[in-house]
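Q: I would like to learn how to read a protein model. Could you walk me through one?

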Amino acid sequence: MLKCRALWQKLAPLARASSTLCRHNVKRKGLRCDNMVTVFPKAQMSSGAPGSGGDNLMYILFVGAACLGGGIYTYRSLSEDKKRYQNRLAEINSREQKFPKQPLVTQQTESTAMEAPVDALPEIPAHAPYLLIGGGTASFAAARSIRARDPGARVLIVSDESDLPYMRPPLSKELWFSDDPNVTDTLRFKQWNGKERSIYFQPPSFYVSPQELPRVENGGVAVLTGKKVVHVDVRGNKVRLNDDSEISYDKCLVATGGTPRNLQVIERAGEEVQKRTTLFRKIEDFRSLEKISREVKSVTIIGGGFLGSELACAMGRRSNESSLEVIQIFPEKGNMGKVLPEYLSNWTTEKVTKEGVNVMTEAVVKNVSYQDGKVVIKLKDGRVVKTDHIVAAVGLEPNVELAKSAGLEVDSDFGGYRVNAELQARANIWVAGDAACFYDIRLGRRRVEHHDHAVVSGRLAGENMTGANKPYWHQSMFWSDLGPDVGYEAIGIVDSSLPTVGVFAKATAKDTPKAATEQSGTGIRSESETEAVASSEVTPVAAAPREPQQGEEYGKGVIFYLRDKVVVGIILWNVFNRMPIARKIIKDGEEHADLNEVAKLFNIHED
């Protein structure tokens with residue numbers, strides 16, 4: 001541009017002179033000729049000194065040369081810019097090959113720019129600073145805890161299920177009471193308080209993809225579904241998956257949960273019986289059993305514990321609306337006989353029966369066969385049950401397959417991986433949830449299979465993986481609802497073989513699980529109650545609590561479980577939002593001369 005300006009300054013005087021000369025020539029020619037010459041508009045130029053006629057040719061040549069020179073200059077400039085642009089792209093591409101973790105930024109089309117990073121990344125990351133084995137509640141709680149203490153953490157959850165982390169309790173409770181015909185697809189349910197929620201802890205948008213985890217800004221949580229860890233190399237800090245791929249880690253959590261137990265008589269019964277047997281644990285089991293319950297005429301549930309009794313009540317309620325026959329059989333004298341004292345177990349059995357369930361107590365299965373299109377269950381006392389489908393709810397076997405490769409110790413009494421009070425099994429390895437046999441600093445060695453324990457132990461393991469070094473002192477609780485009207489919460493060691501003291505009172509309309517969730521705003525009560533603080537204040541009562549009498553209506557109350565005269569377990573029967581008080585009593589570990597006075601702390605007689 002500077003060259004062009006200098007050239008124009010030299011040519012301008014000549015151009016002005018040529019313009020003036022042309023005007024004078026036209027005037028003289030018009031005076032000499034009779035005909036008038038066509039007048040052209042004046043050129044809007046300043047007059048200048050006159051020059052010769054040959055200057056017009058010079059003017060044209062100079063202007064043409066200037067345009068040609070400008071064009072050549074522009075062409076060369078663009079050519080050099082394009083060459084520099086191509087060299088820059090080549091430099092960026094070579095840098096990407098040398099450092100593959102750096103993002104590639106080029107002037108590509110939109111589709112190419114979106115596909116290139118994904119194609120360049122492996123499906124399974126080679127390294128995860130925090131590796132969580134298992135996709136259940138404990139792993140999700142640990143991931144959330146890790147991210148809370150280390151906001152930039154990269155957490156990878158490896159799950160052999162095809163679903164993102166979800167809560168299991170609604171699978172045997174609220175989902176069965178849903179009015180939505182598409183509940184098996186939506187997996188959304190209404191809590192007793194009427195509020196709707198999903199069984200998934202977080203939507204898919206909460207997670208990052210495993211491919212992007214190594215490079216995502218500010219870290220995140222990724223879930224690798226449909227993969228199973230089959231080997232742990234403790235010394236090498238890496239694991240091998242079932243597809244032979246390997247992932248190295250800095251810290252590792254084992255939260256493999258458990259597998260539903262089956263009866264040996266069913267396993268030996270043959271293929272036809274096994275095809276008609278459900279081991280209830282996962283989302284697929286719920287979907288399958290929900291469909292079966294609408295297609296068959298009878299379902300028999302084997303097991304009188306938490307899961308068996310919850311499913312019996314849920315399906316029994318449905319039988320009132322259809323012709324489905326629901327049968328429940330178990331060896332105890334009453335529902336949840338291993339947990340509740342006998343009088344309360346018998347009362348609970350009556351409630352389950354009123355839900356439309358044919359309850360068969362003291363029933364031990366001797367033989368199972370398939371005959372004439374029916375599953376035939378023969379009991380040891382001679383009774384025979386013919387049914388279309390069996391649900392085996394007889395307990396959980398902790399998944400400890402990694403013990404051998406990882407060199408982890410399995411507890412011979414309780415099962416599960418033995419860990420210390422910090423939930424640590426070995427250097428850089430922690431265990432949480434159903435698979436952990438932990439040391440309770442108040443109650444000794446234990447293993448717990450409940451939702452709240454998975455939340456509490458997963459949260460603690462996550463904190464300790466980030467260096468907290470905290471012991472397990474928080475007594476986790478568990479709860480069971482036999483429909484919207486009867487429910488209980490428990491803490492500590494609740495074993496019907498221990499001495500118990502029960503104190504009961506008359507229930508009111510608000511002493512139900514439905515009323516409790518309306519007050520707390522959540523159906524998963526353990527998620528809110530763990531943050532509460534125990535109070536030692538006692539509300540005056542109109543009458544002293546008393547122990548129950550056989551045949552009474554047990555509306556609400558407190559059951560204390562004793563070991564060496566010390567309270568080691570408490571059940572709150574239709575008493576809600578009082579768990580922090582129970583937790584404090586167990587934590588104190590003191591002997592109490594009169595448990596009736598202790599029961600006053602729970603205000604069971606308040607209006």
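A: Happily, starting with vocabulary: helices (H or I, at least four residues) and strands (E, at least two) are DSSP runs, numbered from the N terminus. In this protein chain, the secondary structure comes to 16 helices and 28 strands. This is a predicted model, in which local features need pLDDT of at least 70 and side-chain atom pairs count only at pLDDT 80 or more, while totals for chains, interfaces and linings use all residues. Residues are numbered from 1 along each chain as its sequence is written, and side-chain values use heavy atoms, with hydrogens and water left out.

Q: How much of the protein chain counts as buried?

A: Buried means under 20% relative accessible area, exposed means over 50%, and partly exposed lies in between (1.4 Å probe, protein chains only). Here 46% of the 607 residues count as buried.

Q: What share of the contacts joins residues 24 or more positions apart?

A: A contact means heavy atoms within 4.5 Å. Among contacts in the protein chain with a separation of 6 or more, 69% are between residues 24 or more positions apart.

Q: Which residues have the most contacts inside the largest nonpolar core?

A: A nonpolar core is a set of buried Ala, Val, Leu, Ile, Met, Phe, Trp, Tyr and Cys residues joined through side-chain atoms within 4.5 Å. The largest one has 128 residues, and those with the most contacts inside it are Val232, Ile247, Ile570, Ile571, Trp573 and Phe602. Strand S28 (residues 566-573) gives this core its largest share, 6 residues. Another core, of 15 residues, lies apart from it and includes Ile302, Ile327, Val375 and Val385.

Q: How do I read two helices that cross?

A: Axes are lines fitted to C-alpha atoms, for helices over the stretch in contact, and angles run from 0 to 180 degrees between N-to-C directions. Take helix H4 (residues 137-149) and helix H12 (residues 451-465): their axes come within 7 Å and cross at roughly 35°. A crossing is left-handed if the near helix is turned anticlockwise from the far one by less than a right angle, and right-handed if clockwise. The crossing of H4 and H12 is right-handed. On the H4 side, the contact includes Ala138, Ala141 and Ser145, and on the H12 side it includes Ala454, Gly458 and Gly462.

Q: What covers the buried residues of H4?

A: The buried residues of H4 include Phe140, Ala141 and Ile146. Their cover includes strands S1 (127-133), S2 (154-158), S5 (220-224) and S8 (246-254), as well as H12.

Q: Why does the length of H4 agree with what a helix should span?

A: The expected span of a helix is 1.5 Å times one less than its number of residues. The 13 residues of H4 should therefore span 18 Å, and its end C-alpha atoms are 19 Å apart, which agrees.

Q: Are valine 456 and leucine 460 of H12 buried or exposed?

A: The general idea first: an α-helix has 3.6 residues a turn, so residues three or four places apart point the same way. Valine 456 lies in H12 and is buried, with a relative accessible area of 5%. Leucine 460 also has its place in H12 and is buried, at 9%. Leaving out residues up to four places away in sequence, valine 456 touches Tyr472, His474 and Ser476, while leucine 460 touches Ala421, Leu423, Lys470, Pro471 and Tyr472.

Q: Where can I see residues far apart in sequence come together?

A: Look at isoleucine 586 in helix H15 (residues 579-588), which counts as buried at 1% relative accessibility. Isoleucine 586 and valine 568 are 18 residues apart along the chain, with 5.8 Å between their C-alpha atoms.

Q: Which phi values deserve a look?

A: Most residues other than glycine have a negative phi, and most peptide bonds are trans. Methionine 336 has a positive phi, near 55°, and is not a glycine. This methionine 336 is found in the loop between S12 and H10 and counts as buried at 2% relative accessibility. Asparagine 428 likewise has a positive phi, of about 70°, and sits in the loop between strand S20 (424-426) and strand S21 (429-431). At 23% relative accessibility, asparagine 428 counts as partly exposed.
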